[in-house]
Amino acid sequence: MGIDKLEKTPVYDLYWKFATIRQDVFFERIHNKAFPWTEDPIISKYQFTNAYRASDRVSQFLIKNIIYSNEEYTPEDVCFRILFFKLFNKIETWEYMQQELGEISYTHYKYDVYNRLLCKRIEENERIYSAAYIMPSGKSYFGHEKKHQNNLQLLEYMMQSGLPVKIATVRSLEELYETLLAYPTLGTFLAFQFAIDLNYSELCDFDEMSFVAAGPGAKSGIKKCFQGLGRYSDEDIIRFMAEKQEEEFEKRKLAFKNLFGRRLQLIDCQNLFCEVDKYARIAYPEIQGTGNRKKIKQQYVNKKLDKICFFYPPKWGINDMIKQN
């Protein structure tokens, strides 16, 4: 029996509807339309990521300001900059460190300096980590009391082990993922997320359709979409969604607007399962995922943030197609 024959719940249809509406919101915003950008009451009220991971504000900051900045950096510096940012995943922390240091690079990195600045930030009652996902403390491996100290030691260890050279020699996205997974305190979720972020850069160039690792949120979303998976894995399901996307949108008469010709990739379909898992807590509270979460923590606040001028990895070949008001 193929995946298309598996018994599905109403959340499966919701997956495709959510992707369409959330992408419509993206285009409403990119064309500078007024809030609210949708009549969907749940998407208007709560915070959801974009249908395409690379379109999210944090990913855009990483791509434009850290990877493809106007400065010339060595491969070692690029690798360090990406991983340092992702350890905290918070734009404000990066901007604070950059303002204090003048430049963030492996060439000029000193543990004592970085630790002192981050401790100062904490003492000022400023959060240094994003709430998007939880970094492991690393205390059991590196022995420091403060999480950021262990994370800095992890970054040092990764760089000293020759990670940039390893990245240059790996032959696939899966091999990059396995390379990252071998480092202490990095589990499957973070290893895959970091692999995708590194793959935005010129350090490597792997097809995002070549490999995926399902995170906990995606697994919960998948469980809500299907009555059972039979012999199929969560990763099989994600690949099915990515490969059948046009057919599934057409079946439901949904006019999904892709990303300037770029189809949803495996990472995007994986993330969409996470977001549908959240959406279904309100829309279908009776349908259970892998956890027992019943609420969405973050409500959407229409802050007057600087408008994003969207920019994607040049190797994708879509930047010339972006028309922004």
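**Close-up 1. The lining of the largest cavity, in a predicted model.** Which residues line the largest cavity? Going along the chain, they are Tyr52, Arg53, Ala54, Tyr200, Glu208, Leu259, Ile267, Asp268 and Trp316. Sorted by class, that lining comes out as six nonpolar and three charged residues, with no polar ones. The space inside amounts to about 40 Å³. If you set the cut-off at 30 Å³ or more, the structure holds one cavity. As with everything shown here, keep in mind that this is a predicted model.

**Close-up 2. Helix α4 against helix α11.** Here we have α4, residues 75-88, and α11, residues 188-199. Their axes come within 10 Å and cross at roughly 140°. An angle over 145 degrees would count as roughly antiparallel, and α4 and α11 are therefore oblique to each other. As for handedness, the α4 and α11 crossing is right-handed. On the α4 side, the contact is made by Cys79, Ile82, Leu83, Lys86 and Leu87. Facing them from α11 are Phe194, Asp197 and Leu198. What's the mix by class in the contact of α4 with α11? Six residues are nonpolar, two are charged and none is polar.

**Close-up 3. Helix α4 again, this time with helix α5.** Stay with α4 and bring in α5, which covers residues 91-101. The axes of this pair lie 8 Å apart, and the packing angle is about 130°. That makes α4 and α5 oblique to each other too. The crossing of α4 and α5 is right-handed. From α4, look for Arg81, Phe84, Phe85 and Phe88 in the contact. The α5 share consists of Ile91, Thr93, Trp94 and Met97. Split by class, the contact of α4 with α5 has six nonpolar residues, one polar and one charged.

**Close-up 4. Helix α5 turns up once more, packed with helix α6.** How far apart are the axes of α5 and α6? They sit 11 Å apart, at an angle of about 125°. These two helices, α5 and α6, are oblique to each other, and their crossing is right-handed. The α5 residues taking part are Glu92, Thr93, Tyr96, Met97, Glu100 and Leu101. They meet Val113, Tyr114, Leu117, Leu118, Lys120 and Arg121 in α6. In the contact of α5 with α6, the class tally is seven nonpolar, one polar and four charged.

**Close-up 5. A cis peptide bond ahead of proline 36.** Zoom in on the step from phenylalanine 35 to proline 36. Is this peptide bond cis or trans? It's cis, with omega near 0°. Proline 36 has its place in a loop, with α1 (10-30) on one side and α2 (41-45) on the other.

**Close-up 6. Asparagine 125 and its positive phi.** What is the sign of phi at asparagine 125? Phi is positive, at about 60°, although this residue is not a glycine. To find asparagine 125, go to the loop between α6 (111-123) and α7 (139-142).

Terms used. Residues are numbered from 1 along each chain as its sequence is written. This is a predicted model: local features need pLDDT of at least 70, side-chain atom pairs count only at pLDDT 80 or more; totals for chains, interfaces and linings use all residues. Side-chain values use heavy atoms; hydrogens and water are left out. Axes are lines fitted to C-alpha atoms, for helices over the stretch in contact, and angles run from 0 to 180 degrees between N-to-C directions. Helices (H or I, at least four residues) and strands (E, at least two) are DSSP runs, numbered from the N terminus. Angles under 35 degrees count as roughly parallel, over 145 as roughly antiparallel, 65 to 115 as roughly perpendicular and the rest as oblique. A crossing is left-handed if the near helix is turned anticlockwise from the far one by less than a right angle, and right-handed if clockwise. Contact means heavy atoms within 4.5 Å. Ala, Val, Leu, Ile, Met, Phe, Trp, Tyr, Cys and Pro count as nonpolar, Asp, Glu, Lys and Arg as charged, and the others, Gly among them, as polar. On a 1 Å grid over the protein atoms alone, a cavity is a set of points where a 1.4 Å probe fits but cannot get out, and a pocket is an open set with protein on both sides within 12 Å along at least five of seven lines; lining residues have an atom within 4 Å of a point. Grid points are joined across faces, edges and corners, and a volume is the space filled by probe spheres set on the points.
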